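Colleague: I am new to this structure and would like a close look at a single part of it. Could you choose one strand and take me slowly through its surroundings?

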Amino acid sequence: MKEKNISKSIIIGIPQHFSLNKVFYAQLKKLGFVVFDISIPTEEFRYKNIIQRAYNLYRKIFLKDRDYKKHLKEIAIEESYIKKLQGLPHKVDYALFIRPDLFPISIIEKIKTKSSLTVGYQWDGLKRYPNIYPR
């Protein structure tokens, strides 16, 4: 009796430097995995509207808050991830993050609930990227 070829599924979150995510995607597909790539392109941030831009300018000039635009970028990135997560199945076998310090903690936590095993690989020194510690 032949065994059925049951595919394992994996979510990958990999920086798009040098199309690294595409290489992982292709190789995992060759190995027979069902691959869900949640890597978000590093696009230049754009304000949603003129009001958001004006409010940022107000905060920068009058409140000396130079971090508000960074906050808006983080929100936009998280919204992009949430859209990608909506297309994922309820449960997958594995999740692999390369440079997990680049991903919002909330997204990593959501993916942990979807996968049986979640692995994060930090390819460079932990002292160089200390944001990895809370993950």
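Modeller: Two strands are said to pair if DSSP finds at least two bridges between them. With that in mind, and remembering that this is a predicted model, we can turn to strand β1, residues 9-13, which pairs with strand β3, residues 92-98, in the parallel sense over four bridges. Within this pairing, Gly-13 of β1 stands opposite Phe-97 in β3. Strand β1 is also joined by four bridges to strand β2, residues 34-37, and these two strands likewise run parallel; here Ser-9 is the residue that stands opposite Val-34 in β2. Between β1 and β2 the chain passes through helix α1, residues 20-30, and the β-α-β crossover made in this way is right-handed.

The next point is how far β1 is shielded, where buried means under 20% relative accessible area. Since five of the five residues of β1 are buried, the strand is largely enclosed by the rest of the structure. In a regular strand the side chains alternate between the two faces of the sheet, so it is worth taking each face of this strand in turn. On one side lie Ser-9, Ile-11 and Gly-13, on the other lie Ile-10 and Ile-12, and because every one of these residues is buried, under the 20% cut-off, both faces of β1 are covered.

How values were computed
Residues numbered from 1 in each chain as written. Predicted model: local features only at pLDDT ≥ 70, side-chain atom pairs only at ≥ 80, totals over all residues. Heavy atoms only, no water. Buried < 20%, exposed > 50% of the residue type's maximum accessible area, 1.4 Å probe, protein only. Right-handed = clockwise from strand over helix to strand, strands pointing away.
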